[in-house]
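Trainee: I would like a close look at the cavities of this model. What lines the largest cavity, and which residues lie nearest its centre?

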Amino acid sequence: MHLRFVFLILMVILPFGAVGQYFFQEDPVELDEVQVTSSRLDDYAVGATVEKPDTVLVKMHKDASLSSLLADVSGVSLKTYGSGGLSSVSLRGGMTDHTAVLWNGINIQSPMNGGVNFSAMPVSFFNNVEVQHGGSGTLFGSGAMSGVIHLSGDNLFTRKNAVDASLSAGSFGQRTARGGFKTGGSQFASRFSAFGQKADNDFTYTNTSRIGNPEEEQTNAGLEQFGVLQENHWWVAEKSLIKTGVWYQSYDKDIQTLMTSRNPNNTSQKDNNLMASASFKHYGNSGTFLLKQGLIRNKVVYSDPEMVDPKSDNNVFSWISEADYKYKIGSHHSVNAGINYTYEKAYSDGYDGSAIRNRLAFFASGRYGFDGGRGSTVLSLRNEMSDGGAQPLVFSLGANYNLFNRFRVKGNFSKNYRLPDLNDLHWREDGYAMGNPDLGPESGWSGDFGINWQVLAQRSLAANVEATAFASQTDDLIVWLPENEGKWMPHNQREGKAYGMETGINFSSEWRRSALKGKLFYTYTRSVLSTDDEYDDQQMIYSPKHKLTANSSFAHGPFYLAGAVRYVGERYYDHSDTLDPYVTGDLSMGYSRRMFGVDADLSMNVSNLWNTNYQVVAWYAMPPRNYKFTLSITI
Amino acid sequence: MMKKRNMIFPGFMGMTMKWLTAVILIFAVVSCESDDDTQPRDPGEYADGVFVLNEGSMGNANASVSFIPAAGDTVQGNLYKNTNDDKVVGDVLMDMVSVDTLSFLVLNNSQSLMVVNNKNFEHVAEISEGISNPRYAAAHDDMIYVSQWGNGGEILVVDSKQLEVVNSIEVDAGPEGLAIVNDELWVANSGGYGPNNTVSVIDLNQETVKETLEVNDGPKNMVEDANGDVWVVCAGYTEYDPETYEVVSSTPAALHKFDPASYEATETFSPDEGVHGKPGKIALSADKQSIYFNGEGIWKMDVDAAELPSETFVNVSPYGMSVDPDNGDVYFGIAPNFEEAGYVEVYDANGNEVATYEENIGIGPNNFYFTDKK
C-alpha cells in the first residue's frame with residue numbers, strides 16, 4: 001500500500017520538477033467556435049466547477065463504457081455493481097439520483113427511478129463529457145442537486161472527414177469493436193458511430209467472505225452490449241442551424257453472483273434505450289432562439305427464473321420539448337428565458353397499468369459581465385409545475401472574477417429540488433413494496449466557493465491549481481422504509497448534510513516532439529443523513545471521505561504512455577460495516593503511426609495494475625489485473 | 001418458536017479433512033458426556049439465554065447473531081464474525097435450528113445453511129448443494145427440514161450427520177413456516193411472490209405429501225397448542241389500483257384451527273382488518289394455552305376462546321416475535337429500517353414490559369432461538 005502511494009505521488013510530482021528547466025513559451029490560445037458550441041452550460045454555469053476529462057484519459061477509455069472513464073474522473077464517486085454491471089455516479093456527497101444526466105441538453109434520467117446506467121454508454125459516442133459539480137445545475141431542473149453530467153458530440157463542422165475502426169481483445173473474454181465515419185462539408189455534416197462489446201467476466205478472485213479466502217471463479221457476470229449513434233448538423237439558412245441525433249443501445253447483463261452467495265445467480269438485466277434529439281437554433285442580431293425536442297424510449301427487463309412471473313418489464317416513454325431565447329445586451333450581458341414541457345409515461349409490471357406525469361417549467365437567467373471581461377455573475381430562476389402542483393421556486397446565483405492576473409475566484413449558491421420518481425409514487429402494493437402518492441419533492445440548498453490559479457502558462461510548462469469548498473443541505477429526502485409485515489414504502493423522511501473540499505493540480509509541458517501532462521485531484525467529502533431528530537454522525541453509505549485521482553500521460557513522437565491511479569477511502573455499506581480503502585491503477589501504452597495513408601494505433605491497456613482485491617459495492621467481486629489490446633485505424 | 005433439541009452426534013461423511021478434525025473433537029466431547037451421566041454436559045458459552053437472529057439488509061451480507069444471556073449480562077453481538085476470523089455469516093438470516101451441538105443457520109440470499117458449533121459459534125460447514133431461496137427450518141430426529149421457494153416450492157431434507165441435502169419434497173409455491181405435529185411436517189405455502197392458499201402435510205417416514213389442506217390466502221406459519229390443535233395464520237392477499245390506490249381485490253386474513261387427526265378446520269376466525277390489522281406472525285405461549293398474533297399491535301387469544309380478542313396485548317409492530325418456552329416472556333424484534341440496527345423488547349405473559357435490548361443487536365432482528373437450560 002505504501003509503495004503505491006509513493007508511485008502515485010511520484011507520477012505527478014517528479015516530471016513536474018524535471019521539466020521546470022525548459023524555457024517558457026506562450027500558450028497557444030484556443031478559441032471555441034462560439035456560435036456552434038455555446039450552450040447554457042457555457043454561458044450560465046458561472047462560478048461552478050466544470051470538469052472535463054483529459055483527452056488522454058478519454059483515449060485510454062475510448063473502447064470502453066462511460067463508467068470506466070468516470071471512475072478516473074476527478075471528484076466523481078462511482079457505484080458499480082461488479083464488472084460491467086449497473087453503474088451510477090454521485091458527486092459531492094449526494095445520492096446517485098442527485099446528479100442529472102443530460103444528452104444534448106435533454107435529461108435522460110429514468111423517470112421511474114432517477115437512474116442512468118453509465119455501463120451501457122460507450123465513451124466513443126461523446127466527444128464532450130463534462131461534469132458540473134454542485135447545485136449550480138439547478139437551472140437544468142429536477143434532479144440536478146449535487147451535479148450534472150453533460151454528454152454531447154462536438155462541432156461536426158470543425159471535425160475532419162474520416163472513417164475509423166477499432167478492435168480490442170482482452171482478458172476474461174473481453175471483445176470490443178468500434179467504428180464510424182464523419183462526412184459532409186461546411187453546410188451539412190454527419191457522423192455515424194457504432195460500438196459493440198462482449199465479455200464473459202469469468203475471472204478468478206479471492207473470496208474474502210469465506211473462511212480461508214478461497215480462490216473462486218466468478219459466475220453469471222457476462223455482458224453483451226451494442227449501440228449506434230447518428231448525428232447531423234445542418235445550416236438550413238445563413239443563421240439557422242439544425243442538429244439531430246439518434247442514439248440506440250442495448251445492454252444485456254447477467255447479474256453477477258455475490259461473493260456471499262453459494263449458488264450461482266441466474267438473474268439478468270436487459271436494457272434497450274432509444275433516444276432522439278433535434279434542435280433548431282437561429283442566430284438573430286440581438287439574440288439567439290433555440291427550440292429543442294427530445295424523445296426517449298427505455299425498456300428494462302429483469303429476468304429471474306425463480307419468480308412466478310419470471311420477467312419484470314419496465315418501460316418509459318418521455319417527450320421533452322424546450323424553447324428558449326437569449327437576448328444579448330451589449331457584449332458582456334445577456335438574459336435568457338425559456339419554457340420546458342416534459343411528458344413522462346411509465347408502464348411496468350410494478351404498476352398494474354401506466355403512470356403518466358406532465359411537467360411544465362419556466363426558467364430565466366441573467367448574466368452580467370464585469371468590465372474588461374474580468375468576470376461575470378449569473379442569476380438563474382426555475383419554477384416547475386407537475387401533476388402534483390407547483391414545485392418550489394429554485395434559483396442559482398453564481399459569480400467568477402479575475403482577482404489578479406491568472407487568479408480567479410468563483411462561487412455559487414443555489415436552491416435545488418428533485419421530484420419523486422414514478423416508482424416512489426406509483427409502485428403498486430405487491431406484498432413487498434408500495435408506492436406513496438403523497439410524497440413531496442426533495443429540496444435543499446448548496447453553495448461553494450473556490451479559486452483557480454494559473455501558476456504558469458507557457459507551452460513548455462503550464463500549471464494551475466484549483467480548490468473549492470462546498471456545502472449542501474437537503475430536506476425531505478425520500479427513503480423506502482419497511483412498514484408492518486416488512487412491506488416497504490417511501491417517505492420524505494431524511495435530511496442530508498454534506499460539506500467538503502476539492503483540490504487539484506494540473507500541469508502540461510510540451511518540448512520538441514514530447515508532451516507531458518498530469519493531474520492530481522483530491523476530494524474530501526463529509527456526508528451524513530439523519531432522520532427526524534435523530535442525528536447520526538456516520539458518513540453516508542458508499543460515500544468515501546477521501547478520494548484521490550492522479551493521471552499522467554507522456555508522448556514522444558509516435559509513442560505514448562498514460563496512467564491513471566485512484567485511491568478510494570473507506571466506505572460504509574451499512575450502519576457499522578465498511579469496505580476497505582483501495583488503490584488501483586490502469587496503464588495504457590501505444591504506438592501511433594501513419595502508414596499507407598492510414599493512421600494506425602496499436603495499444604495495450606493494463607487494468608488493476610497492482611492486482612488489488614477490492615470491492616466498489618459490497619460483495620461484488622472486481623476483476624484482478626487484466627489486459628486489453630486494441631488496434632485502431634483512421635482513414 | 002418451538003424448542004428444538006435432539007441428541008444426535010454429527011457425522012463426517014462427505015466432509016473435508018479440515019472439518020473432519022473438528023467433528024472428531026466434538027464427537028469425543030459429546031461421547032464422554034453421554035457415557036457418564038454424572039458429568040455435566042459442557043454447555044459452552046451460550047448455555048442459558050436467547051439467540052437473536054438479525055436478518056441484515058439484502059445483498060449486504062450483514063446478517064448477524066446476537067446472544068442475550070438469561071442472567072441479563074451484556075448482550076453479545078456478531079457471534080459468528082467475532083469467532084471466525086472476522087468473516088461474515090452471510091446474507092439474509094431467516095432461521096436457526098439445532099441438533100445437539102450443531103446449529104444450522106438458514107441464509108436466504110447466501111443460498112446456504114451455515115453450520116456452526118453452537119457452544120462457541122465456530123464454523124463447521126456450509127451446505128449449499130440443492131439450496132435455492134431457503135426460508136425456515138425445523139428439526140426432527142436427526143433430520144433438518146428446510147422450506148425453500150426455489151424450484152416452485154420445496155421442502156429439503158438435510159441429514160445433520162452427513163451435512164448434506166438428501167431429499168427434496170415438492171410442495172406449493174412459497175413455503176414458509178413449518179411445524180412438526182405428530183411426526184408429520186406441516187408446511188404453510190404462502191404463495192411466495194403471488195397468491196396461494198394451501199398447507200401441505202408431509203409424512204416424514206415416507207417423505208411424501210400426505211395431505212394438502214385448503215386455507216385462506218397467504219398462510220405464513222402455524223403452532224400446535226396444548227389441546228393438540230394446529231393454528232394456521234393466513235395474511236390474505238390484496239391488490240390495489242395503481243392510480244386510485246383503491247383495493248381491486250382483497251382476500252381476507254384468517255386464523256384457522258385444525259384438528260390434526262381429521263385434517264379438518266374445526267374453527268376459522270376472521271380478524272377484522274380495521275380492528276386487528278393483518279396478521280402474519282403467530283407464537284404460542286409457554287403453557288400452550290394461548291396464541292399471540294400480530295397486526296395492528298399484538299393480540300393474545302386463549303386457545304379455547306370462542307371469538308377473537310377485542311383488546312391488544314401490547315402495541316408494538318415487530319419484525320420478529322417469539323415466546324420463551326420456559327418463562328413465557330414474549331420477545332419482539334423491532335426493525336425501524338434496514339440501514340440501522342434494530343432492538344429487542346421483552347414483555348411478560350401479562351403484557352408488562354420486562355426489558356429492552358439495544359446494544360449489540362443487528363439489522364432486522366426477525367427471529368429468536370431459546371437455548372436449552374438442562
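Mentor: What follows describes the largest cavity and then the second largest one. The model is predicted, and the values below are computed from it. Counting enclosed spaces of 30 Å³ or more gives 4 cavities.

The largest cavity has a volume of about 370 Å³. Its lining is made up of 28 residues. Nearest the centre of the largest cavity lie N107(A), Q109(A), S142(A), E344(A) and R359(A). Four strands of chain A, β17 (311–329), β18 (333–348), β19 (353–369) and β20 (375–386), each contribute at least two residues to this lining. Sorted by class, the lining of the largest cavity holds 10 charged, 11 polar and 7 nonpolar residues.

The second largest cavity encloses about 230 Å³. Around the second largest cavity there are 27 lining residues, and those nearest its centre are G93(A), G94(A), S146(A), S472(A) and T474(A). Here the strands of chain A that each supply at least two lining residues are β24 (442–457), β25 (462–482), β26 (488–511) and β27 (514–531). Of the contributors to the lining of the second largest cavity, β25(A) gives the most, with 6 residues. By class, the lining of the second largest cavity comprises 15 polar, 10 nonpolar and 2 charged residues.

To set the two linings side by side: charged residues number 10 in the largest cavity and 2 in the second largest, while nonpolar residues number 7 in the largest cavity and 10 in the second largest.

Key
Residues are numbered from 1 along each chain as its sequence is written. Chains are lettered from A and ligands numbered from 1 in the order in which they are written. This is a predicted model: local features need pLDDT of at least 70, side-chain atom pairs count only at pLDDT 80 or more; totals for chains, interfaces and linings use all residues. Side-chain values use heavy atoms; hydrogens and water are left out. On a 1 Å grid over the protein atoms alone, a cavity is a set of points where a 1.4 Å probe fits but cannot get out, and a pocket is an open set with protein on both sides within 12 Å along at least five of seven lines; lining residues have an atom within 4 Å of a point. Grid points are joined across faces, edges and corners, and a volume is the space filled by probe spheres set on the points. Ala, Val, Leu, Ile, Met, Phe, Trp, Tyr, Cys and Pro count as nonpolar, Asp, Glu, Lys and Arg as charged, and the others, Gly among them, as polar.
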